[in-house]
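Work through the following exercises with the sequence and the coordinates at hand. Each task is followed by a solution that proceeds step by step.

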Amino acid sequence: KAEEALPSLVEICKALAGSLGMEEVGVGPIKEIGAAIKKAEKKYDGDVLKVTDYCRALLVVKDFPTLLALLELARDSFGPLI
């Protein structure tokens with residue numbers, strides 16, 4: 001599923017960054033299976049179904065008002081997807 005979700009995550013991040021004039025945006029690699037198992041063992045008593053961050057993104061904002069605008073835009077535009 002992470003491989004299927006990644007292109008949508010990239011498009012969401014591009015749209016959000018473009019709307020707010022953000023310059024630093026990154027979409028990380030998909031979490032490796034071994035890393036997911038290790039996280040599940042450490043945080044969730046071995047339950048890999050509780051690991052939810054297989055696709056990750058980074059959006060850097062310059063100030064608090066931009067952060068609030070980003071959160072509002074994400075909620076209004078992509079609420080069901082995020």
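A residue is called exposed when its relative accessible area is over 50%, buried when that area is under 20%, and partly exposed in between. The model is a predicted one.

**Exercise 1. Classify lysine 62 by its accessibility, and state where lysine 62 lies in the chain.**

Step 1: Lysine 62 is placed in the loop between E2 and helix H3, the helix that spans 64-78.
Step 2: Its relative accessibility is 73%, and because the cut-off for exposed is over 50%, lysine 62 counts as exposed.
Step 3: As for its distance from glutamate 72, which is 10 residues away along the chain, the C-alpha atoms of the two residues are separated by 16 Å.

**Exercise 2. Describe the overall architecture: which elements occur, and in what order do they run from the N terminus?**

Step 1: The protein contains three helices and two strands, and from the N terminus on these elements follow the order α-β-α-β-α.
Step 2: Taken along the principal axes, the box filled by the C-alpha atoms is roughly 40 × 25 × 25 Å.
Step 3: Among contacts between residues at least 6 apart in sequence, 61% join residues that are at least 24 apart.
Step 4: Of the 82 residues, 18% count as buried, while the accessible surface comes to about 6100 Å², with 58% of it belonging to carbon and sulfur atoms.

**Exercise 3. Analyse the salt bridge between glutamate 11 and lysine 14: how are the two residues placed in the helix, and how accessible are they?**

Step 1: The side chains of glutamate 11 and lysine 14 meet at 4.0 Å, N to O.
Step 2: Both residues belong to helix H1 (residues 2-20), and because they are three residues apart there, about one helical turn separates them.
Step 3: Glutamate 11, at 48% relative accessibility, counts as partly exposed, whereas lysine 14, with a relative accessible area of 53%, is exposed.

**Exercise 4. Determine which parts of the chain are tied together by the salt bridge between aspartate 53 and lysine 39.**

Step 1: The side chains of aspartate 53 and lysine 39 form a salt bridge of 3.0 Å, N to O.
Step 2: Aspartate 53 lies in the loop between H2 and E2 and lysine 39 in helix H2, so the pair ties together parts that are 14 residues apart in sequence.
Step 3: Aspartate 53 has a relative accessibility of 22% and therefore counts as partly exposed.
Step 4: The pair also belongs to a network of salt bridges that links Lys31, Lys39 and Asp53.

**Exercise 5. Place the remaining charge features: how many salt bridges does the structure hold, and how far apart do the centres of the positive and negative side chains lie?**

Step 1: The structure holds four salt bridges, one of which joins the side chains of arginine 75 and aspartate 76 at 3.0 Å, N to O.
Step 2: Arginine 75 and aspartate 76 are both exposed.
Step 3: The protein has 11 positive and 13 negative side chains, and the centres of these two sets lie 4 Å apart.

**Exercise 6. Explain why valine 48 qualifies, by its accessibility, for a nonpolar surface patch.**

Step 1: Valine 48 is found in the loop between helix H2 (33-43) and strand E2 (57-59).
Step 2: Its relative accessible area is 35%, which makes valine 48 partly exposed; because patch residues need over 30%, valine 48 meets that cut-off.
Step 3: The patch, of about 420 Å², is made by Ile33, Ile37, Val48 and Leu49.

How values were computed: Residues are numbered from 1 along each chain as its sequence is written. This is a predicted model: local features need pLDDT of at least 70, side-chain atom pairs count only at pLDDT 80 or more; totals for chains, interfaces and linings use all residues. Side-chain values use heavy atoms; hydrogens and water are left out. Patches are made of residues with over 30% relative accessible area and no salt bridge: like charges are joined within 9 Å, nonpolar side chains (Val, Leu, Ile, Met, Phe, Trp, Tyr) within 5 Å. Accessible areas come from the Shrake-Rupley method with a 1.4 Å probe; for residues, only the protein chains shown count as cover. Helices (H or I, at least four residues) and strands (E, at least two) are DSSP runs, numbered from the N terminus. Buried means under 20% relative accessible area, exposed over 50%, partly exposed in between (1.4 Å probe, protein chains only). Contact means heavy atoms within 4.5 Å. Lys and Arg count as positive and Asp and Glu as negative; His and the chain ends are not counted. The place of a charge is taken as NZ of Lys, CZ of Arg, CG of Asp or CD of Glu.
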